[in-house]
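Biologist: Got a minute to walk me through this one? I'd like to start with the overall layout and then poke at some details.

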Amino acid sequence: MANSNDHPMTISEKIFSKASGKTVKAGEFVLANIDRAMTHDITGPLAIDGFYDIMRDKEEKKVWDPSKIVIVFDHQVPADSLNASANHIKLRQFAKEQDILNYDVYEGVCHQVMPEMGHVRPGDLIVGSDSHTCAYGSLGAFSTGVGSTDMAAVFASGKLWFKVPETIRFEANGKLPKNVYSKDLILHMIGDVGAEGARYMAAEYAGSTIEGLPISERMTISNMAIEMGGKAGIIEPDKTTEAYLQERIPDYKLDTYWKSDEDAEYAEFHDYDVSDLEPQVACPHNVDNVKPVTEVEGTKVDQVFVGSCTNGRFEDIKIVAEMMGDEPVAKGVRLLIIPASRTEYMKVLRAGYVEQFMDAGAIVESPCCGPCMGGSFGLLGDGEVGLATSNRNFKGREGSPESFVYLSSPATAAASALTGEITDPRKI
C-alpha cells in the first residue's frame, strides 16, 4: 500500500495510490486496477457489445474476473417492452457464458443492492455504468460512473485510466432540525455550489452532522454528488460504516488508513451550520434550482413518488408512514411507494407499512427504478406536476417533457401527499 508519509493525502488520493501501485496526487493520470464493476439492464448490453469488439481477435473471449462484475436488472423490471426483454435475455446469456454469478433480476436498484450485498468496502475503486455509482462513497469507497465503452474496457482488462481528481470538502456541523434530513442538506449544498460546482472533483463530506448520520442518510448525500458535477461523493468510513459492513461481510474490520490526512490539500472548502436549515425543494428543471419549502408551498401536485436509489430505503419509507399515520392520500393525487431493494421491501412489509399505504390509497410497487428515469411506469403526462424523492428533475426525466418535477425529502413528500400540494413537513 502507498505510504501516505510521502505527502499528506486525501482519501481519494490514497485509493488511487493503492489502485495504481504508486503514490499519486491530484492532477496525475493513472492506469488503475478496478475492485468492482457494476452494470445494469440499460447500459449493460452496449458494454457487452463493446467487450466483444475489443476481444474480437482473441481466441478466448473471457472477462478479466467474473467474481468482480455485478449485473443488476433494475431500470425496466419486470421487462416493460420487447426491447427490455431482449436486453434482459442478452445479459443473462452473457452472465452464464462468462460465469458471472453476481447477477439478479429480483434484488432491486443497483446502488442499493451493491452495498447491501457486500460488494463495497472502504478503499475500493469501483466503477458502474450509471452516473449515480458515486453512492458507494457513503462507505468510504471511490466509486464513479463511466460510459458503456469504458465499462467494456474494464470487462476486458480490469483497468481504466483516470485523472486523479482534486477534492472539494464540504463540512456540515450542528444537529438537523426536526423533519429536516440529509436530502435537504445535499439539496442545499447543490443549490449553493451549482450543477458544475464540483466538476470532476471528489466531493468529500465531513463534519459532526455527517458523522451523526446513519448509513441510509449518508447514501443519499453521496448519491447526489454527481448533481454538483462531482466525480465521486466520499465520506470517511468510521464505526458506523464498520457496523454496517459487519452485518454483510463476516469478520470485517475497519482499516483506519482510509481517511484524509490532516494536512491534505483541498481545492475548496465549504462550511455549513445545519441547525437552522429548512426543508429544501429542487424546482424544475434543474437540480441546483433549490429553494426553501416555504417559497414553493402551495404548488399543486398530481403525483408523489417515494423511492429510488436516493431515498428508497426502509428508513425513508418509515418517515412517510409515520407522518401519514392513518390519513388518506389527498384526492386526485397518486402516491407511489417503491422500496429500493427486496431486503428493504421486506422490512417495509414486516413493519405493516404496505397495508397502511394501500389503505391510504397509495400504490406500492416491487423494487426497481420506477418512474425515476421515465422509462417504466408511473410517468407524468403533459402539464402534470410530480414531487419525487429521487435525484433528477430534468425536463422529461419522469415522463412528458411538458411535465414538471420537484425533488424533496421523504418528509416533504409525505406532507405533500396528504395535502395535494407542496407542504412544509414541519407543519404536519
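Biologist: So which domains does the domain assignment give for the protein chain?

Modeller: The assignment gives domain 1 (12-163), domain 2 (167-251 + 264-273) and domain 3 (280-422). Those bounds come from an automatic or database domain assignment. One caveat up front: this is a predicted model, where local features need pLDDT of at least 70 and side-chain atom pairs count only at pLDDT 80 or more, while totals for chains, interfaces and linings use all residues. Residues are numbered from 1 along each chain as its sequence is written, and side-chain values use heavy atoms, with hydrogens and water left out.

Biologist: OK. How far apart are the C-alpha centres of domain 1 and domain 2?

Modeller: Those centres are 23 Å apart. The contact between them (heavy atoms within 4.5 Å) takes 24 residues from domain 1 and 22 residues from domain 2.

Biologist: And what area is buried between domain 1 and domain 2?

Modeller: About 1,900 Å², with carbon and sulfur atoms giving 62% of that. Buried area here is the accessible area (1.4 Å probe) that two parts lose on being put together, summed over both. On the domain 1 side, Cys134, Ser138 and Leu139 lose the most area to domain 2, together 26% of what that side buries.

Biologist: How many salt bridges does the rule find across that interface of domain 1 and domain 2?

Modeller: Zero. The rule wants a side-chain nitrogen of Lys or Arg within 4 Å of a carboxyl oxygen of Asp or Glu.

Biologist: Then what does the salt bridge count come to by this rule?

Modeller: It comes to 19. One of them pairs the side chains of Arg169 and Glu204, at 2.5 Å from N to O. Arg169 is in strand β8 (residues 167-173) and Glu204 in strand β9 (residues 202-206), 35 residues apart, so the pair links distant parts of the chain. Strands are DSSP runs of E with at least two residues, helices are runs of H or I with at least four, and both are numbered from the N terminus.

Biologist: Are Arg169 and Glu204 buried or exposed?

Modeller: Both are buried. Buried means under 20% relative accessible area, exposed means over 50%, and partly exposed is in between (1.4 Å probe, protein chains only).

Biologist: Any pair inside a helix? Where do Lys347 and Glu344 lie?

Modeller: Both are in helix α13 (residues 342-350), three residues apart, about one turn of the helix. Their side chains meet in a salt bridge at 2.9 Å, N to O. Lys347 is partly exposed because its relative accessible area is 31%, whereas Glu344 counts as buried at 2%. As for networks, salt bridges that share partners join Arg169, Glu171 and Glu204 into one.

Biologist: And how about Asp53 and Arg56: what is their N to O distance?

Modeller: Their salt bridge is 2.9 Å, N to O. Asp53 is partly exposed at 44% relative accessibility, and Arg56 is exposed at 53%.

Biologist: Switching topic. Why is helix α1 largely enclosed by the rest of the structure?

Modeller: Because nine of the ten residues of α1 (residues 11-20) are buried. Among them are Ile11, Ile15 and Phe16. Right after α1 comes Gly21, with a positive phi near 75°.

Biologist: Which residues form the nonpolar patch on the surface?

Modeller: Phe29, Leu31 and Trp161, with about 390 Å² of accessible area together. Patch members have over 30% relative accessible area and no salt bridge; like charges are joined within 9 Å, and nonpolar side chains (Val, Leu, Ile, Met, Phe, Trp, Tyr) within 5 Å. The areas come from the Shrake-Rupley method with a 1.4 Å probe, and for residues only the protein chains shown count as cover. Phe29 lies in strand β1 (residues 29-33) and counts as exposed at 58% relative accessibility.

Biologist: Now the backbone. What is the omega of the peptide bond from Pro284 to His285?

Modeller: It's near -5°, a cis bond. His285 is in the loop between β12 (280-282) and β13 (290-292).

Biologist: And what is the phi of Asp99?

Modeller: It's positive, about 60°, although Asp99 is not a glycine. Asp99 is exposed, at 52% relative accessible area. Asp251, also not a glycine, has a positive phi of about 65°. Asp251 lies in the loop between α9 (239-246) and β11 (268-273), and is exposed at 77%.
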